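User: I am new to this structure. Please take one strand, look closely at how it is placed, and then work outward from there to the rest of the model.

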Amino acid sequence: MNIHEYQAKALLRSYGAPVSDGRAVTRAEEAKTAAGELDGPLWVVKAQIHAGGRGKGHFKEADAGEKGGVRLAKSVEEAETEARKMLGRTLVTHQTGPEGKMVNRIYIEDGSDIETEMYLALLVDRASSRISIVSSTEGGMDIEEVAASTPERILSFSIDPAAGYQPYHGRRVAFSLGLKGQQVKQMVALLGNLYRAFIERDMEMLEINPLIVTDKGDLKVLDAKVGFDDNALYRQHDVAALRDETEEDAKELQASKYDLNYIALDGEIGCMVNGAGLAMATMDIIKLKGAEPANFLDVGGGATKEKVTEAFKIITSDKNVKGILVNIFGGIMRCDVIAEGVVAAVKEVGLQVPLVVRLEGTNVEKGKEIINTSGLDVIAADDLSDAAEKIVKAVKG
Ligand code: ADP
Ligand code: MG
C-alpha cells in the first residue's frame, strides 16, 4: 500500500526527520489560508498523487498551464492560483502511464533554498533478505536513469537484522555523499530514525528523492515516497487508515476486498487461473502465442463459487479484455466449483467476448459437464498450449 507525500512527511516528522512545514488542501480556496500559515517568502505547491516524477510531468488540460506538478510561488495569492490550476486536472508523469492521474489534493509547503540534492532510500532487498540502504549524490533527477547509465554513482549495502542500525552505517552514507561536520551527525541520526520507522511501520520501501543540504548547511527531507507491506496492515491500523482508495486501480481494489490476487496489465486476454505459478505460466504462454495478458489473477486454492464469480466480473469489467482464458488445475480447488462460478458470473454479467476454458484435475468431469450443459458459448481446450492457441486465435483471428 502506498501513501501520499504529505502523509509520508507527517509520519517521518513524528520519527524526528527534518521536514518542512506544510498543509494539504483539497480546494483552491483553502490554499491561500494554508499558505498564509506558513513562513514564506517562498512556497512550493505540490500535486498529491501516488506517482513520482511530478516535477517533470505535464498536465493533460491546457488550462493547467505549462508547468508540471511541483510549482514555486512567491506569494500566497500565487500559491492559490497554482493550486487552482492543478486541482481537478490530470497529471501525466513517467510513472502514471499516458492516462495520467487526477489531482484531488495539493500540498503547500515552505520553500527551501537548495544547495545540493541527494538520493536516499531504504528497501527490502529480497536477494539478501535484509533491509538495504541505497544512496547517491545524483538526487533530484531520474534515479532509474542514473542506475542504468552510471551505476557506480549509487551506493548500496544491507543491514544485519540481528545487530540492526549502527551509527557507522550512517557515517558510511554521509561520507559517500561528501557530507561534512554537522551534516554527518545529522545523517547518522536521520538514518537511525528512518530505519526505526521502516521496521516499526512494516514498510516495504522508503524513498527520499531529493534529500537536500539547505543553504544553511542542514539536511532536509524534500520528497518522500513510502510503501507498506500489505500483509502487515492488519497490525498497522494507523497506516491502514491512510489508504486513499481513489488512487488505486478500481479493479485491484475490488479484488483485494475478495482476497483475490489480481494485478491489472495492459494486454487483451483476461486470465483466470489458480495458483501463482500457473498464472505466470499462463501469461507466458499467451505471450508466446502472440498476444498479451490483460491481468494476472490467482483465485487461490480455496476459492468459493462467490469468489470465482467476483473474479470473472472483475475481468469482464476491463474494457481492454477481448477474450478470456480460464485455466484451472484442480488440486485443492475443485473444477466443478470453478465451473459453477464461471456459469453464475456469465449469467449475471453476460459474455461479450470469446471464452476458452481448460480444466484439469480434481472433479474435472463434473466441471466439464457443468460447462457443457450450461448452454454457454464456451470453447473447450485440452491442455495449456491448446487453450492459449485457441483464445489467441479467437481474439486475433
Ligand atoms: P517529484 O519527485 O514527484 O518530481 P519532488 O517533491 O521531488 O517531486 O519535487 C521535484 C523537485 O522540486 C525537487 O527535486 C526539488 O528541486 C523541488 N522541490 C520540491 N519541494 C521543494 C521545496 N519544499 N522547496 C524547494 N524546492 C522543492
Ligand atoms: Mg522526488
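Analyst: **Strand S17 and what lies around it**

Gly-330 stands opposite Gly-361 in S18. The model is predicted, and this pair of glycines is a convenient place to enter it.

Gly-330 belongs to strand S17, which covers residues 323-330. Seven bridges connect S17 with strand S18 (residues 355-361), and the two run parallel. S17 also pairs with strand S15 (residues 269-273), again in parallel, through five bridges. In that pairing Ile-269 is found opposite Gly-323. Strands of a sheet are held to each other by backbone hydrogen bonds, in a parallel or an antiparallel way.

How many of the eight residues of S17 are buried? Seven are, so the strand is largely enclosed by the rest of the structure. Buried here means a relative accessible area under 20%.

Beyond S18 comes a loop that leads to helix H12, and Asn-363 lies in this loop. Asn-363 has a positive phi of about 60°, though it is not a glycine. Most residues other than glycine have a negative phi. Asn-363 counts as partly exposed because its relative accessibility is 29%, between the cut-offs of 20% and 50%.

Helix H12 spans residues 364-372, and its buried residues are Val-364, Gly-367 and Ile-371. These lie on the same side of H12, because they cover an arc of only 60° around the axis. An α-helix has 3.6 residues a turn, so residues three or four places apart point the same way. Glu-365, Glu-369 and Asn-372, on the other side of H12, are exposed.

A positive phi is also found at Asp-259, where it is near 60°. Asp-259 sits in the loop between helix H8 (250-257) and strand S14 (261-264). With a relative accessibility of 60%, Asp-259 counts as exposed.

The elements described so far can be placed against the domain assignment, which gives domain 1 (21-110), domain 2 (114-240) and domain 3 (250-396). S17, at residues 323-330, falls within domain 3. The centres of domain 1 and domain 3, taken over C-alpha atoms, are 42 Å apart.

Domain 1 and domain 2 each supply at least three residues to the lining of the second largest pocket. This pocket has a volume of about 210 Å³. Its lining includes Asp-39, Gly-40, Asp-110, Asp-113, Asp-215 and Lys-220. Sorted by class, the lining has seven charged, four polar and one nonpolar residue.

Gly-40, one of the lining residues, is followed by a cis peptide bond to Pro-41, with omega near 5°. Pro-41 is in the loop between helix H2 (28-36) and strand S2 (43-47). Another cis peptide bond, with omega about 10°, joins Asn-209 and Pro-210. Pro-210 lies in strand S11 (residues 203-214). Most peptide bonds are trans.

Val-221 is part of strand S12 (residues 219-221). Val-221 is buried, as its relative accessible area is 0%. From Val-221 to Leu-288, which is 67 residues away along the chain, the C-alpha separation is 45 Å.

A small contrast to the parallel pairings of S17 comes from an open sheet of three strands in the order S3-S5-S6, where the pairing is antiparallel. S3 (58-59) and S6 (101-102) are the edge strands, each pairing on one side only. S5 (residues 90-92) is joined to S6 by two bridges, and Leu-91 stands opposite Lys-101.

Definitions and conventions
Residues are numbered from 1 along each chain as its sequence is written. Chains are lettered from A and ligands numbered from 1 in the order in which they are written. This is a predicted model: local features need pLDDT of at least 70, side-chain atom pairs count only at pLDDT 80 or more; totals for chains, interfaces and linings use all residues. Side-chain values use heavy atoms; hydrogens and water are left out. On a 1 Å grid over the protein atoms alone, a cavity is a set of points where a 1.4 Å probe fits but cannot get out, and a pocket is an open set with protein on both sides within 12 Å along at least five of seven lines; lining residues have an atom within 4 Å of a point. Grid points are joined across faces, edges and corners, and a volume is the space filled by probe spheres set on the points. Ala, Val, Leu, Ile, Met, Phe, Trp, Tyr, Cys and Pro count as nonpolar, Asp, Glu, Lys and Arg as charged, and the others, Gly among them, as polar. Domain bounds come from an automatic or database domain assignment. Two strands pair if DSSP finds at least two bridges between them. Helices (H or I, at least four residues) and strands (E, at least two) are DSSP runs, numbered from the N terminus. Buried means under 20% relative accessible area, exposed over 50%, partly exposed in between (1.4 Å probe, protein chains only). The arc is that of the directions from the helix axis to the C-beta atoms.
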